[in-house]
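Visitor: Could you take me through one part of this model up close? I'd like to look at the nonpolar patch on the surface, and then see what sort of protein it sits on.

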Amino acid sequence: MKPTPQPTRTSGRTAEKASAQADRSATRRGLWSMAFTELWERYSFYGLQGILSFYLLYELADGGLALDPAIASGVVGAYGGAVYLSQILGAWLGDRLVSPQRMVLYGAWVITCGHLVLAFAPGITGLGIGLVCIVLGTGALKTNITSIVGFVLDQHADERYRDAGFSYFYMAINIGAVVGPLTTGLAQNELGFHYGFGLAAIGMGAALAQYAASMKHLPERARTVNNPLPARRRPLAAGAALLFTVAVGSAVGTGVLRPENLSTVVTVAALVAAAAYFLTMTTSPSVSRDERRRILGYLPLFLASGVYFGFLFQKFTAISILITERIDLQIGGWTFPVAWITTASPLAAVLITPLVARLWNRLGERQPGPVTKVAIGLTQIGCAYLFLLIVSEATGDAEIPLFLILLFMMMAGSSEVFIGPIGLSLATRIGPGKFRSQMVGLNFLTLALGSSLAGLLGQLFTAIDNASYFTITAVCGIGIGLTLFAVRRPQGRMLESGLRR
């Protein structure tokens, strides 16, 4: 009888190499599947966002709803804020009740239905149902697909691949954010608004198909509820959800909640949610003294970032109103797609990001701190509104040339590189060990606060003259920026409490 051959060291190394290769292959496949899913989802989201304001503002003869500008601003601001607020609920559901894999699938279906309603159901009713579906679906999808990307990258043995993987994922987001409004804006310009909405629906259908095809390849963690809610507490959660639904329905039915005050309600909700985050973290016994100092040091930056995004997101409210009233879109015999104007803002941010990132790398430890960077961003956007004030006054009652509003959009949009990435990086660095994910959630609330604030600012724009409005915006942006710059050292010391430099 022949002896059983023993495995050699070489065969063991070969097996390990084959296993590592299989892990890398699974990681790449999962990452690109999620990246393309997110690309199409962002294509549909920003494709809608690019033409939504003008759909509300344009006259009936031009295919719009002819809403009062103040009401249109309130609706757009509340919609944007609600999208970000709903992600808090989506993250909780994906952690306690439904697996992230299922949450993304359900969210994709609901978003697709919302876009289809907007494409085929005209009028206020179709608008309301469509936007509510997109808010709920995006809340279910966004945070959970990001979690799944993390699970996919956990399969890769090399930790350095994680940052590169997330870079590819966010590159897909940026591509969708730019290409979406370019194509839906062209469709709206040549064929009508509902064709633009239909194109966004096709994009979301592509995201749904891509995700459904890749579900079987996702890691087991994506199919698992991480922190299941105990069975005895589920009736309480269901009761709270039912009570909230009844309260909102009653508020709408009785006229307490109206299009005019939607932005106010969402702004208050964002501030209440932020206050709950801050109170929970600062009063927790598991948070150390240094961690508490860092949280309190972040509070001014949170408020400043919320104001900044309020100024930036005015491209969907006040600036959209300005475009419909005072911008000449005619180039010869062709009408420039109105959505392309707002697209100049994210495009500028995408183009300048690699240059600024390279600058930070070259400066190394000599680069400015996070407080200074946020101060730069606020000052820059304040200067952009100062430029718009000068342009508005110089042209008087005449139409503003198209290239000047495009230049303003690029000035304002490129300032985001000093706010958005810095806030996310700071939140992941200074957050308490027990509340790291909550700190990231708090940072995302600046987007909810900014979106709803943009709605309120758009309503203010309709109530006062252009010169006064742009003066207020420019002074606030520059003033807050300079104030942050003045307190950068003590503020920076609070943010660095207990951290190694």
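Guide: Here is a walk through the patch, followed by a step back to the whole chain. Keep in mind that this is a predicted model. The patch is formed by Trp32, Phe36, Trp40, Tyr168, Met171, Ile175 and Val179, and together these side chains put about 590 Å² of accessible area on the surface. As for where they come from, two helices matter here: α1, spanning 9–57, and α5, spanning 160–190, each supply at least two residues of the patch. Of the contributors, α5 gives the most, with four residues.

Now zoom in on Phe36, one of the patch members, which is found in helix α1. Its relative accessible area is 38%. Buried would need under 20% and exposed over 50%, so Phe36 counts as partly exposed.

Stepping back, the protein carrying this patch has 17 helices and two strands. Its radius of gyration is 24 Å, close to the 23 Å that the globule rule gives for 501 residues, so the protein is as compact as a globular protein of that length. Along the principal axes, the C-alpha atoms fill a box of roughly 100 × 55 × 50 Å. Buried residues make up 48% of the 501. Among contacts with a separation of 6 or more, 83% link residues 24 or more positions apart. As a backdrop for the patch, the accessible surface of the whole protein comes to about 23,400 Å², and 65% of that belongs to carbon and sulfur atoms.

Note on methods
Residues numbered from 1 in each chain as written. Predicted model: local features only at pLDDT ≥ 70, side-chain atom pairs only at ≥ 80, totals over all residues. Heavy atoms only, no water. Patch = residues over 30% accessible without salt bridge, like charges linked within 9 Å, V, L, I, M, F, W, Y side chains within 5 Å. Areas by Shrake-Rupley, 256 points an atom, 1.4 Å probe, with all protein chains shown as cover. Salt bridge = Lys/Arg side-chain N within 4 Å of Asp/Glu carboxyl O. Buried < 20%, exposed > 50% of the residue type's maximum accessible area, 1.4 Å probe, protein only. Rg over C-alpha atoms; globule rule 2.2 N^0.38 Å. Contact = heavy atoms within 4.5 Å.
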